[in-house]
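Colleague: Please take one part of this model, its aromatic side chains, and go through it closely, with the cut-offs stated as you use them.

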Amino acid sequence: MSGAVLVAVAAAIGNLLQGWDNATIAGSVLYIKKEFNLESEPTIEGLIVAMSLIGATLITTCSGAIADSIGRRPMLIVSSMLYFVSGLVMLWSPNVYVLLLARLLDGFGIGLAVTLIPVYISETAPPEIRGLLNTLPQFTGSGGMFLSYCMVFGMSLMNSPSWRLMLGVLSIPSLFYFALTIFFLPESPRWLVSKGRMVEAKRVLQRLRGREDVAGEMALLVEGLGVGGETSIEEYIIGPANELHDDQEPTIDEDQIKLYGPEEGVSWIARPVTGQSTLGLASRHGSIANQTVPLMDPLVTLFGSVHEKLPDTGSKGSMLFPHFGSMFSVAGNQPRNEEWDEESVARDGEDYPSDAGGESDDNLQSPLISRQTTSMEKDMIAPAHGSILSTRGNGSLVHAGEPGSSMGIGGGWQLAWKWTEREGQDGTKEGGFKRIYLHQHQEGVPGSRRGSIVSIAGGDGPGNSEFIQAAALVSQPALFSKELMGQHPVGPAMMHPSEAAAKGPSWRDLFEPGVKHALFVGVGIQILQQFSGINGVLYYTPQILEQAGVGVLLSNLGISSVSSSLLISGLTTLLMLPCIAIAMRLMDITGRRSLLLTTIPVLIVTLIVLVIGSLINMGKIANAAISTISVVGYFCTFVMGFGPVPNILCAEIFPTRVRGLCIAICALTFWICDIIVTYTLPVMLTSVGLAGVFGMYAVVCVISWFFVFLKVPETKGMPLEVISEFFSVGAKQKSN
């Protein structure tokens, strides 16, 4: 766990450099104007400031696709190099045109950092603290702004401040960041899995999690290779196999799934609920399409039904099946085959042995998920591409793991597979191979496995026995190939992970219902964030604080007006840091959605107060005091919710295979809206006045609250792959 934290802290330094640059250019542009005589050329002056924004926008258009192709880490290395080179060029800058080039290079570095660091942290962080770690970029960005304002303020007190030195200092921390990206940051394990480099991914995961057994998470990452697919919501009763009634023998009931626990020597059986359960994820709110709130997205209700039944301990680890072993445990003392990497696995003509036949399913060293022997299996031959359940013999598609491991994947979720037999329309036997994400939603003491089946209408569970009520997302495994099924109609036709990875991202994947739904949420919240007023309040802050008399007080202390504005901006940034720290603490407790729904009303109130202060004359002192409190309140509230949450959400809701591409679309939306808001603000101030501008921002915040309430789900504590699966389910249910 500490490994993931340190990696996130190191990656977030890229945002510190962004904040550092933003504050430095704001202070140094006053001196640049004097040296290059730009007082009469406001266009060039504006370009100096905006060139980094233009560079960030340009690089974002291609950063996602490149990151999906060559990896997250190489792009972060390029970002640090661009920061370093731009700092040196700005330090040199003999004329304004070289300075513009340097600012463009700096913008390239900023664009890569802002786009990819949230993705990188999301893909390396455990679900339980992913929100906290992904708030680090907001904290380090504001920290970089504060440090930069302090530096520029100190330099402004000198007799002849050097703007080149102010801007060139950026190369020092960027060199440190470059060293971290080269020698410390690993590649994202999810990206490695997406390229079929399983051995590397396992080593990175072991380092990030601080433990040897990462079999469950490795299997989860493999399942993340899929995009779309048919997903259904089912419900299971899980109980000890030896507590079943005689007429419920698991080897007879083809719908049952056997789960093994080597540590306790106990096998458990998962049986589908035959009647409707009031505890069920799918049925707790009735049909997913029938909503009690008009216009409420079914997806929001679906996510909410998961979180409302979590135990009091929150999402701190998986409680489901705490004693289950790994599905990768092998029978006997077979040597472990970890040669899962695409470079080391033979392709042509190599058979992956199947577990069909040979040994009894009653062996407690068997895989976590097993099934009864069917009539079809008796005559089954080993398929050319094997089975993900293959764990006996000389090799396995899935590498072996430690016998005492767990298939918990975080947030109370458990990963499993089932293999069932059904009769086709022509009477032939067909095999169905499904992946299931199980989620415990029993009530009672956290960690307890005993519950009551009183509320299960028509359900037949083991009476007076320990059991777990679990909802399940059931879908096709990422490595299951319908094409191969046609060639090998017997057994699950599986492909090697590197073969699935070879498909790569496709623009067609963006039109999958779940991906389109996620893009709507991500793009929508980015647009609303930019039009919620942050740029306008930043623009107006020096004037407000000047009215409050802060400038007069500082001038009496012998501080010039330029130095005063820098000091005021630095103090304003300093106030943000404790608020961001609070948000970091709450992000995985109250959740992203709850923070937005709580903080946006405060933004609305502060903007309305600013409108009133602009329209009504309550006296110079009263107006200044009210405006100052409103501005400070707006900043502190914004950085707790609307500041970090959009980037966190956008880094969580997309499938692994298209995550870089989708996050680039959201980031491009962010930069375009930033440009629009920044350059229309002076025009709006002239046309509708200050009160009109803040009034429009308040209206956007009201729209934002309803958008979040109706369309944005709660993603705290859930594995990324489960989140994207939920989006797929919700989108298809909505379309139906």
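Modeller: What follows is a walk through the aromatic rings, with one pair in detail.

This is a predicted model, in which local features need pLDDT of at least 70 and side-chain atom pairs count only at pLDDT 80 or more, while totals for chains, interfaces and linings use all residues. Residues are numbered from 1 along each chain as its sequence is written, and side-chain values use heavy atoms, with hydrogens and water left out.

Searching the whole structure gives twelve aromatic pairs (rings of Phe, Tyr and Trp, the last by its six-membered ring, with centres within 6.5 Å). The rings of W705 and F709 have centres 5.3 Å apart and planes at 10°, so this pair counts as stacked (planes under 30 degrees apart; over 60 is edge-to-face and the rest tilted). Both residues belong to helix α23, which spans residues 659–711, and because they are four residues apart there, about one helical turn separates W705 from F709 (a helix being a DSSP run of H or I, at least four residues, numbered from the N terminus). As for accessibility, W705 counts as partly exposed because its relative value is 24%, and F709, with a relative accessible area of 25%, is partly exposed as well (buried is under 20%, exposed over 50% and partly exposed in between, for a 1.4 Å probe and protein chains only).

Elsewhere in the sequence numbering, F303, W413, F726 and F727 form one aromatic cluster.

Definitions and conventions
Helix = DSSP H or I, 4+ residues; strand = E, 2+ residues; numbered from the N terminus.
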